[in-house]
Amino acid sequence: MKLIATVILAAALTVTFRSDPALAGDAAKGKIVFNKCKACHDIRPGKNRVGPSLHGVYGRKAGTAPKYNYLGLKGADYVWDEKLLMEYLKDPKAFVKARGQSRTKMVFKLPNEKQREDVIAYLKTLK
């Protein structure tokens with residue numbers, strides 16, 4: 001009976017960890033996916049383009065990149081983490097609308113869940 005309980009617990013923990021984007025993303029693959037983002041975003045600190053620099057974006061309060069002129073994220077009351085970045089990258093306009101914000105300049109969507117996980121893993125390395 002103890003063996004069955006141990007196997008069930010191990011299986012449950014495996015499912016829990018595999019569904020966690022923090023553990024599922026591959027930063028090396030994310031760096032490649034990030035090539036889609038380079039037209040609008042830079043990874044160097046303070047180097048803004050159409051979109052803000054993404055250096056240090058993970059863990060940063062939304063709408064606070066230095067020297068960037070935000071449309072709708074300024075004054076946001078959340079910090080970028082895996083969950084929020086997964087939602088935002090899937091559909092930025094729907095994300096800001098759901099939070100009662102006016103708009104975002106970002107029109108690019110990244111519908112592929114694995115690519116979002118990978119690019120988030122890469123963004124977490126930009127510190």
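This section describes the confidence, nonpolar core, charged pairs and selected residue environments of a predicted model.

The protein chain has an average pLDDT of 85, and 82% of the residues score at least 70. Confidence is not uniform along the chain: over residues 5-21 the pLDDT stays under 50. For that segment the model has five contacts beyond four places in sequence.

The largest nonpolar core comprises 27 residues, and those with the most contacts inside it are Tyr78, Trp80 and Tyr88. Two or more residues are given to this core by each of the elements α4, α5 (92-98) and α6 (113-123). Of these, α4 gives the most, with five residues. Such an assembly agrees with a general tendency: in soluble globular proteins, nonpolar side chains tend to be buried together. The surroundings of Trp80 show which parts of the chain meet at this residue. With neighbours within four places in sequence left aside, Trp80 is in contact with Val57, Tyr58, Gly59, Arg60, Ala62 and Leu73, and also with Leu85, Tyr88 and Phe95. One of these partners, Tyr88, is itself listed with Trp80 among the core residues that have the most contacts.

Helix α4 spans residues 82-90 and includes Glu82. Glu82 counts as buried because its relative accessibility is 15%, under the 20% limit. Two polar contacts involve the side chain of this residue. One, of 3.0 Å, is made with the side chain of Tyr58, which is also a contact partner of Trp80. The other, of 2.9 Å, joins the side chains of Glu82 and Lys124.

Helix α6 is mostly covered, with eight of its eleven residues buried. The buried residues are Arg116, Glu117, Asp118, Val119, Ile120, Ala121, Tyr122 and Leu123; charged side chains thus appear in this list beside nonpolar ones, as with Arg116 and Val119. At the start of α6, the backbone nitrogen of Lys114 lies within 3.0 Å of a side-chain oxygen of Asn112.

Seven salt bridges were counted in the model. In general, side chains of opposite charge can pair when their charged atoms come close. In one of these pairs, the side chains of Glu87 and Arg99 meet at an N to O distance of 2.8 Å. Glu87 belongs to helix α4 and Arg99 to the loop between α5 and α6, so this pair ties together parts that are twelve residues apart in sequence. Glu87 counts as partly exposed, at 28% relative accessibility, and Arg99 is also partly exposed, at 31%.

A further salt bridge is formed by Asp91 and Lys109, with the closest N and O atoms 3.7 Å apart. Because Asp91 is located in the loop between α4 and α5 and Lys109 in the loop between α5 and α6, the pair ties together parts that are 18 residues apart in sequence. Asp91 is partly exposed at 24% relative accessibility, and Lys109 is partly exposed at 45%.

Asp42, Arg44 and Arg49 are linked in a network of salt bridges. Within this network, the side chains of Arg44 and Asp42 meet at 2.7 Å, N to O. The two residues of this pair fall into separate accessibility classes: Asp42 counts as buried at 7% relative accessibility, whereas Arg44 counts as partly exposed at 47%.

The same region of the chain is contacted by Ser53, a residue in the loop between α3 (27-33) and α4. Ser53 is buried, with a relative accessible area of 4%. Not counting residues up to four places away in sequence, Ser53 touches Asp42, Ile43, Arg44, Pro45, Gly46, Lys47 and Asn48, together with Arg60 and Ala65. Its partners therefore include Asp42 and Arg44 of the salt-bridge network, as well as Arg60, which is in contact with Trp80.

Ser102, in the loop between α5 and α6, is by contrast exposed, with a relative accessible area of 59%. Beyond residues up to four places away in sequence, Ser102 touches Leu71 and Gly72. The C-alpha atoms of Ser102 and Lys74 are separated by 9.9 Å, the two residues being 28 residues apart along the chain.

How values were computed: Residues numbered from 1 in each chain as written. Predicted model: local features only at pLDDT ≥ 70, side-chain atom pairs only at ≥ 80, totals over all residues. Heavy atoms only, no water. Helix = DSSP H or I, 4+ residues; strand = E, 2+ residues; numbered from the N terminus. Buried < 20%, exposed > 50% of the residue type's maximum accessible area, 1.4 Å probe, protein only. Polar contact = N/O pair within 3.5 Å; in protein donor to acceptor, adjacent residues only side chain to side chain. pLDDT = per-residue confidence, 0-100. Contact = heavy atoms within 4.5 Å. Core = buried A, V, L, I, M, F, W, Y, C linked by side-chain atoms within 4.5 Å. Salt bridge = Lys/Arg side-chain N within 4 Å of Asp/Glu carboxyl O.
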